[in-house]
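Welcome! Please take a moment to look over the chain shown here before reading on.

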Amino acid sequence: MANIRPSSDLRNKYNEISDFCNKYNEPVFITKNGTGDLVVLSNAEYERLCGKNELHRLLSEGLDCITPTSGIPAEDVFAEIESEYGFGEV
């Protein structure tokens with residue numbers, strides 16, 4: 001369940017909000033005049049989300065580089081591994 005607080009809680013209950021964010025790794029949504037205004041996260045959760053976003057960006061970039069002709073046939077890869085490491089020899 002979302003933790004929604006009025007903006008006055010930032011001033012009056014900062015420690016409570018900080019403890020919640022750090023303990024549960026959940027955001028606190030801050031409203032201003034009854035409308036969503038801010039989202040507060042612990043620093044650790046923010047870093048985790050940024051890292052996850054960067055991973056997705058890099059994976060997407062890598063997938064964009066793949067074309068139907070950019071790979072090596074699996075048979076060739078396995079043959080190279082077998083010859084390199086002596087697999088298949090009895």
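What follows is a short tour of this chain, from its overall layout down to single residues.

**The whole chain**

This is a predicted model, so please read every value below as computed from predicted coordinates. The secondary structure comes to 4 helices and 3 strands. Starting at the N terminus, the elements follow the order β-α-α-β-β-α-α. The chain is more spread out than a compact globule, because its radius of gyration is 25 Å, well over the 12 Å that the globule rule gives for 90 residues. If you follow the C-alpha trace along its principal axes, it spans about 75 × 30 × 20 Å.

Other totals help to fill in this picture. Buried residues make up 11% of the 90 residues. The accessible surface comes to about 7600 Å², and carbon and sulfur atoms account for 55% of it. Among contacts with a separation of 6 or more, 28% are between residues 24 or more positions apart. The chain has 8 positive and 16 negative charges, and the mean positions of the two groups are 24 Å apart.

**The strands**

How do the strands pair? Strand S1 (residues 3–6) and strand S2 (residues 28–32) are parallel and share 4 bridges. S2 also pairs with S3, this time in the antiparallel sense, over 5 bridges.

Some individual partners are easy to find in the structure. Asparagine 3 has valine 28 in S2 as its bridge partner, and arginine 5 stands opposite isoleucine 30 in S2. On the other pairing, lysine 32 has threonine 35 in S3 as its bridge partner.

In a regular strand, side chains alternate between the two faces of the sheet. S1 shows this alternation: Asn3 and Arg5 point to one face and are buried, whereas Ile4 and Pro6 point to the other face and are not buried.

Threonine 31 is a good residue to look at in S2. It counts as buried because its relative accessibility is 18%, under the 20% cut-off. Leaving aside residues up to four places away in sequence, threonine 31 touches Ile4, Arg5, Pro6, Ser7, Gly36 and Asp37.

**Two loop residues with positive phi**

Most residues other than glycine have a negative phi. Asparagine 25 departs from this with a phi near 50°. Asparagine 33 also has a positive phi, of about 55°. Asparagine 25 lies in the loop between helix H2 (14–24) and S2, while asparagine 33 lies in the loop between S2 and strand S3 (35–40). That second loop belongs to the hairpin of S2 and S3, which has 2 residues between the strands.

**Accessibility at a glance**

The table gathers the residues whose accessibility is described here, including one from a helix.

| Residue | Relative accessibility | Class |
|---|---|---|
| Threonine 31 | 18% | buried |
| Asparagine 25 | 37% | partly exposed |
| Asparagine 33 | 78% | exposed |
| Cysteine 65 | 58% | exposed |

**Toward the other end**

Cysteine 65 belongs to helix H3 (residues 43–65). How far apart are cysteine 65 and serine 83, in sequence and in space? They are separated by 18 residues in sequence and by 29 Å in space, C-alpha to C-alpha.

Notes:
Residues numbered from 1 in each chain as written. Predicted model: local features only at pLDDT ≥ 70, side-chain atom pairs only at ≥ 80, totals over all residues. Heavy atoms only, no water. Buried < 20%, exposed > 50% of the residue type's maximum accessible area, 1.4 Å probe, protein only. Pairing = 2+ DSSP bridges. Rg over C-alpha atoms; globule rule 2.2 N^0.38 Å. Contact = heavy atoms within 4.5 Å. Areas by Shrake-Rupley, 256 points an atom, 1.4 Å probe, with all protein chains shown as cover. Lys, Arg positive; Asp, Glu negative; His and termini not counted. Charge placed at Lys NZ, Arg CZ, Asp CG, Glu CD.
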